[in-house]
Amino acid sequence: MRVLIKGAGVAGLTAAHELVARGAAVMVAERTQGFANAASWYAGGMLAPWCERESAEEAVLIRGAAAADWWEAVLPAGSVHRNGTLVVAPPRDAAELRRFASRTSGYRSIGAEEIGALEPALAGRFREALFFPEEAHVDPRRALSALRHGLEAQGVVFSGGTIDQGRFDLTVDCTGAARIGEIKGLRGVRGEMLYLQTDEVALSRPVRLLHPRIPLYIVPRGGGLFMCGATMIESDDAGPITARSLMELLNAAYVLHPAFAEARLVETGAGVRPAFADNLPRVMRQANTITVNGLYRHGFLLSPAIAEEVAALAYDVPPIDPSPTPPHKGEGLSSRCDRLQFSAVSPDAKVTAEAEAARPRKPLPPAGRGWGGANSDELEWNEGKHFCFSERRGQDR
Ligand SMILES: Cc1cc2nc3c(=O)[nH]c(=O)nc-3n(C[C@H](O)[C@H](O)[C@H](O)COP(=O)(O)OP(=O)(O)OC[C@H]3O[C@@H](n4cnc5c(N)ncnc54)[C@H](O)[C@@H]3O)c2cc1C
């Protein structure tokens, strides 16, 4: 199967990896030279499904729980740091810690002594914390580069030019926020971040500092480099960080550890997280195009599961519609659900489906309930077959 993947962010590269693993001949089209236009480049790289459950659906926890295993299997040894997450709050915000605890699981409450044992740099600074031992993190920039190099080594061609989609059996659209305005309900959530460098602080794991208005996380990158993030602003503006966001993030970093005041500010940036109203991603098939979008703040966490879904859909579908009609600009995919298919298995698809079933693969996360909606214009979760992030209407939070 010849597959064109549009977009070399985390969604595109993970999908490419899974499709190549199943024998597809893949080409990746990316409109920019490097990764700088991708939200993925600005991510914290936290694989933190238990912490994210504080504001995310159970589905994110279920589907994200195996992400660290996937990344560990795919990236060079030592790329996945499985040191957990530490969540702290200054004594005046102790209520925030209790609120966070009430909405999450998979942690243990710890006191000052254990905080100091886990992170000596924070000894004496916080009286209580939550420790999520199963969580992990990666350096997203290294992860993206490693994925790309691995794909190139397997013959995947990356192209920046115009590509004739007609040469391919399947197109997988992973262009993220670029589809805002084209896919119904897709919006942008701006995330501003910065990199600080200092030898005065050492951390072994992501640390989240709770605050009612300006929560902060700091992810250590090694070599005295720290990624600090991130704002959550309802906007698809990818422009430079604002003075206000910069001040607030730096203030919060200072609260976490005063030595950050002397750190060098080596980079600031902003990425636009593509999101649907319920903040869950979608994998949508329409004729010979699969669209992946809406990864919100969970691109690294959920891409492994999403990529498996893409590959399953790719190899498990009726023959290509000979006269596909792409949606027009401004016409959302979800308004055309009558034309969308999810994992339909026809007799013609049986051979590839059997080949797919025979392929040795990592176990999927445990089965949970799907979240396909009941409305007739929504795509349904294909129970017992794939765990699909299917089209569904949700509530704004
Ligand atoms: C500050 C910040 C922190 C985050 N932290 C985390 C975190 O800790 N953990 C986590 O799991 N997630 C995190 N996220 C979320 C994560 O980064 C996103 O969910 C993810 O990057 C979305 O990936 P994507 O591949 O869909 O989109 P993108 O990464 O935006 O990639 C889309 C790509 O498509 C390309 N493109 C667009 N149009 C075209 C076209 N027509 N042809 C070809 N190419 C095209 C773009 O240039 C881009 O490279 C964070 C996001 C931000 C902004």
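Let's start with the overall layout: the protein is built from 10 helices and 18 strands. Keep in mind as you look around that this is a predicted model. Of its 397 residues, 48% count as buried. The chain also brings distant parts of its sequence together: among contacts between residues at least 6 apart in sequence, 76% join residues at least 24 apart.

A good place to go next is the ligand. It is surrounded by 39 residues, and the closest are Gly 7, Gly 9, Gly 176, Gly 191 and Gly 299. Four elements give two or more residues to this shell: the helices α1 (10–21) and α9 (299–314), and the strands β10 (187–197) and β15 (264–275). By character, the shell divides into 19 nonpolar, 15 polar and five charged residues. Where does the ligand lie with respect to domain 1 and domain 2? Domain 1 (1–81 + 137–186 + 277–397) and domain 2 (85–133 + 188–275) both contribute residues to the shell, so the ligand lies between them.

Now turn to helix α7, which runs through residues 140–153. Its 14 residues reach 20 Å from the first C-alpha to the last, close to the 20 Å expected at 1.5 Å a residue. Which residues of this helix are buried? They are Pro 140, Ala 143, Leu 144, Leu 147, Arg 148 and Leu 151. These residues cover an arc of only 130 degrees around the axis, which puts them on the same side of α7. The spacing makes sense, because an α-helix has 3.6 residues a turn, so residues three or four places apart point the same way. On the other side of α7, you will find His 149, Glu 152 and Ala 153 exposed. The buried residues of α7 pack against α1, α4 (67–74), β8 (157–159) and α9. Two of these partners may look familiar, since α1 and α9 also give residues to the shell around the ligand. Just after α7 comes Gly 155, with a positive phi of about 95 degrees.

Our last stop is Val 207, in strand β11 (residues 207–209). Is Val 207 buried or exposed? It has 25 C-beta neighbours inside 10 Å, and a residue with 20 or more is taken as buried, so Val 207 counts as buried. Leaving aside neighbours within four places in sequence, Val 207 is in contact with Leu 86, Val 88, Glu 119, Tyr 217, Ile 218 and Leu 256. Take Leu 256 as one of these: it is 49 residues away from Val 207 along the chain, yet their C-alpha atoms are separated by 8.8 Å.

Definitions and conventions: Residues numbered from 1 in each chain as written. Predicted model: local features only at pLDDT ≥ 70, side-chain atom pairs only at ≥ 80, totals over all residues. Near = placed C-beta within 6 Å. Nonpolar A, V, L, I, M, F, W, Y, C, P; charged D, E, K, R; others polar. Domains from an automatic or database assignment. Expected span 1.5 Å × (residues − 1). Buried ≥ 20, exposed ≤ 12 C-beta atoms within 10 Å, placed from the backbone. Arc of directions from axis to C-beta. Contact = placed C-beta atoms within 7 Å.
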